[in-house]
Structures are given as C-alpha cells and as structure tokens.
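I am opening a fresh page of the notebook for this protein and its ligand. The entries below record what I looked up, in the order in which I looked.

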Amino acid sequence: LTTRVGIVGGGPAGLMLSHLLAKAGVDSIVVEKRDHETIRTTHRAGILEHGSVSMLVDSGVSDRVLREGHRHEGIDLRFGGVSHRLDFTDLVGEAVWLYPQNEVFVDLAAARERDGGQVFWSVTDTAVLDQTTDTPKILFTDAQGQAREIHCDILVGADGSQGVCKWSIPQDQRVDNFVEYPFAWFGILCEAPPSADELIYCNSEHGFALISQRDANIQRMYFQCDPNEDVNAWSEEAIWAELQKRLDGPDGFQLKQGRIFDKTVLRFRSYVCEPLRYGNMFLAGDAGHTVPPTGAKGLNLALADVRVLFEGIDSYYSTGSRDLLDAYSDRALQRIWKAQNFSYWMTSMLHHRADATPFERQRQLGELAGVVASRHGSAYLAEAYTGWPTA
Ligand code: DHB
C-alpha cells in the first residue's frame, strides 16, 4: 500500500487528522489495533473546549455535539464544604461542552466511513521503520491475518500513551519528561439524575472528588484513590458513602444516588516527549504527551496538535516548503506545556497528599481561596479550562 500520510492510531487524533487531510485532497491510511466497539465503549473524559467543538463542526465531521452535547458556562470549585461558582462566560466570554470522548470517536469514525476514508481496524503486530528516510513504513497484520506494508511520505504516531511510535525513537534522540502522582481516580458511571447543573471539582480533607454528568439519566463521578485500589473491594454503599463524605458541607449538599454500572481505577502521570518528531515521523496526542485528568485537557490537546500538524502537512503538499512541518514540534509544544502546567496545577491544588504537612494543607486552601476571591485568578483558570486561542 502506498499513501502520502500513514497514520498509526484510529482514536480521535488519528481520525481527525485523516479527515482534515482528505478535505485538503491529501490521501492517508489509518491503522488501529482495537476494534470500533472497544474504542466506542472505553470511557474517557467528557469536556470539550470551544475550539474542539468548532473543529468538529466547522470541518464537517458532525454537528451532533451542538444538538446532543451540553454547553457548560462554568464550574463549581468546592472546598471547606463550600461551593464557589466560576462563571466562564462572564470571566472570559467562553464556555465548554459536555460531550463524551466516545461520542467524538463515533462521529469521527462515521465521517471517515461516509467520506470513503481508509481505516484498518483490529490490526496486530504494528511496527514502524525507516522514519529518517523519504519512505517511512508501517508494517502490520490486518484483521484477516494478512501481512501488510504501508509506504508513505509522512508517518504520524497517534497511537496513544502505550503506542509503538514513541518507543521507536532511539533513546538518545528524545527526552522523556514526566512526573508521577501518588494517587489515582476511582471512576464510576451510574443511573441517576444529575446531582448538579455543572461540574463540581471538590477538594476535601478526605481527598478530591469530581461530580460530572453524561445525560439526564446517567452520571459520571470520580474520587481520588490509591493507585492500587481494587474496584471489586468497593460495594455501591461504600462508594456512595465515600463520595458523599467528600461533598459534605454546611449547605447540606446531597448526591443523587443510583445503580453503579461501571467502576474503573484510572492511573495517570504527566509526560512529554521532546521533540514530537523523529525524521519524517511526527507524534500527536497521547502518543507524545499525557496529562493528569483534572481539567480534562487530554483530548482537547490531541485535537490542538492535529490542527497544527495538519497545517504543516497541508502547507508541505500545497507549497513544497517544509517550514511549517519542521515547526510542528515547537509550535505544538507551546500549548502542550501550558496545558501541562494547568493540569498539574489543578491536580496539585485539588488532591490530598497523605504526607502533606499542616502548613501544606492550609497553603492549599489559601491557594483555592485566592483563586475564587480574585477575578484575575478565576479568569486564568477559566481561560485555561475553556481553551487558549490557537496561535
Ligand atoms: C470529566 C473528566 C475529567 O477529567 C474532567 O476534568 C471533567 C469531566 C468527565 O469524564 O466527565
């Protein structure tokens, strides 16, 4: 098989890139190791920046997000048992959309199918080679068991944090920047009405909790837990008691409970590979960097990478100049490091560390009080949460 752009990874980043390239008349092939159903049913975050929404709508993927998603104009920051609303539209004139990443994937896969895009699902034995030549290659075995080879001009690694592309870069050609956290998230999906109109990010002496939603009947909630926590050790009653304990306050806030039908422990770390390039291979999305989930930047950052990478590839094929493509890593990293800082900040401001001194605990509450009391502090959070303008 021969194509201009070979893309490893059929998640949102790979599919969105393939979609934008097709619209610009640049052919591409996507290979993905999972099947459609597995990706569709893997629960990820649920918040889209306004820029991510425009990308889906304006590029013609789908406007379903506008019809079925929910526009959120703020969040609650809750600490010391008291909620403080941050009004994004008042602070920065922007909002976000609650629209689960699974649905973004469904829309993108449907758009590729509709437009005749070439996507190989359920492939095995994926390998990349000749990245520093003019003909990088993707080797894989297709779903029918046939060995295949894609020859391309440009190879894109959009294969997620566990993907093969990043690890194919020799160790002396990349820097792995990372931070680990001594906690994880216990995530649940439940059948219940929403407990609040907007998301609640809650700092409590018992640890962090996040109250999110899916729709009128299904809710998504998380609470900080030990990375080695066993979901089966938690009964429904224990989960509700833990969540409620973290939300308790003088306002008497009560979660609306219901049957829990999904329980997962999500581990995370902050990671950035520099540069996001090796020869003619470029990394986009989680393949190149991951953030802790607090603030829901992961998918949004992946789509922002794709926007910048698309400009570089499109400019190469339409003008013959490689300048924008060569600038991809530096350009994408500007937003990535801002988002790394934001995600790290939100995580450290809202989580409880077992080894925190009384000073550290009070300092954290002082930090939160400073943010909500300051229009400037709140506006920084709102600007980062809703998404920085594209450069
Ligand atoms: C969700 C996840 C997040 O990490 C976040 O910051 C907000 C919402 C969610 O799954 O709804």
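My notes go from the domains to the ligand, then to the two sheets, and end with two backbone details.

**Entry 1, the model and its domains.** I note at the outset that this is a predicted model. I took the domain assignment as the frame for everything else, and it gives domain 1 as 5-72 + 96-179 + 269-352 and domain 2 as 184-266. I looked up how far apart the two lie, and their centres, taken over C-alpha atoms, are separated by 30 Å. At the junction, 16 residues of domain 2 are in contact with 9 residues of domain 1. The side of domain 1 that touches domain 2 has 4 nonpolar and 5 polar residues, and no charged ones.

**Entry 2, the record.** I checked UniProt, where an unreviewed entry lists residues 3-342 under "domain: FAD-binding". Over residues 3-342 of the model I find 31% helix and 31% strand, with the end C-alpha atoms 38 Å apart.

**Entry 3, the ligand.** Which residues surround the ligand? I wrote down Ala-45, Gly-46 and Ile-47, then Leu-199, Leu-210, Ser-212 and Arg-220, and finally Pro-293, Thr-294, Gly-295 and Ala-296. Sorted by class, this shell comes to 6 nonpolar, 4 polar and 1 charged residues. I also asked which domains supply the shell, and found that domain 1 and domain 2 each contribute at least three residues.

**Entry 4, the sheet of seven strands.** I traced an open sheet of 7 strands with mixed pairing, in the order β6-β5-β15-β16-β17-β14-β18. Its edge strands are β6 (82-87) and β18 (259-266), each of which pairs on one side only. From one strand to the next, the twist averages 20°. Within this sheet I followed β16 (residues 209-213) and β17 (residues 218-225), which pair in the antiparallel sense over 5 bridges. Leu-210, which I had already listed around the ligand, has Tyr-222 in β17 as its bridge partner. Helix α8 (residues 236-247) packs on the sheet and touches β14 (184-191), β15 (200-203), β16, β17 and β18, while its direction makes about 75° with that of β17.

**Entry 5, the sheet of three strands.** I then turned to an open, antiparallel sheet of 3 strands in the order β13-β19-β22. Because β13 (175-180) and β22 (289-290) stand at the edges with a single partner strand each, one side of each has no neighbour in the sheet. Strand β19 (residues 269-274) runs antiparallel to β22 and is joined to it by 2 bridges. Here Val-272 stands opposite His-289 in β22. Helix α11 (residues 328-350) packs on this sheet, touching β13, β19 and β22, and its direction makes about 165° with that of β19.

**Entry 6, two backbone details.** As a reminder to myself, most residues other than glycine have a negative phi, and most peptide bonds are trans. Where, then, does a cis peptide bond occur? I found one joining Glu-274 and Pro-275, with omega about -10°, and Pro-275 lies in the loop between β19 and β20 (277-278). I also noted Ser-122, a residue other than glycine whose phi is positive, near 55°. Ser-122 has its place in the loop between β8 (118-120) and β9 (124-129).

Methods:
Residues are numbered from 1 along each chain as its sequence is written. This is a predicted model: local features need pLDDT of at least 70, side-chain atom pairs count only at pLDDT 80 or more; totals for chains, interfaces and linings use all residues. A residue is near a molecule or strand if its C-beta atom, placed from the backbone, lies within 6 Å of it. Ala, Val, Leu, Ile, Met, Phe, Trp, Tyr, Cys and Pro count as nonpolar, Asp, Glu, Lys and Arg as charged, and the others, Gly among them, as polar. Domain bounds come from an automatic or database domain assignment. Two strands pair if DSSP finds at least two bridges between them. Axes are lines fitted to C-alpha atoms, for helices over the stretch in contact, and angles run from 0 to 180 degrees between N-to-C directions. Two residues are in contact if their C-beta atoms, placed from the backbone, lie within 7 Å. UniProt positions are given in the numbering used here, feature names are shortened, and annotations may be inferred rather than shown by experiment.
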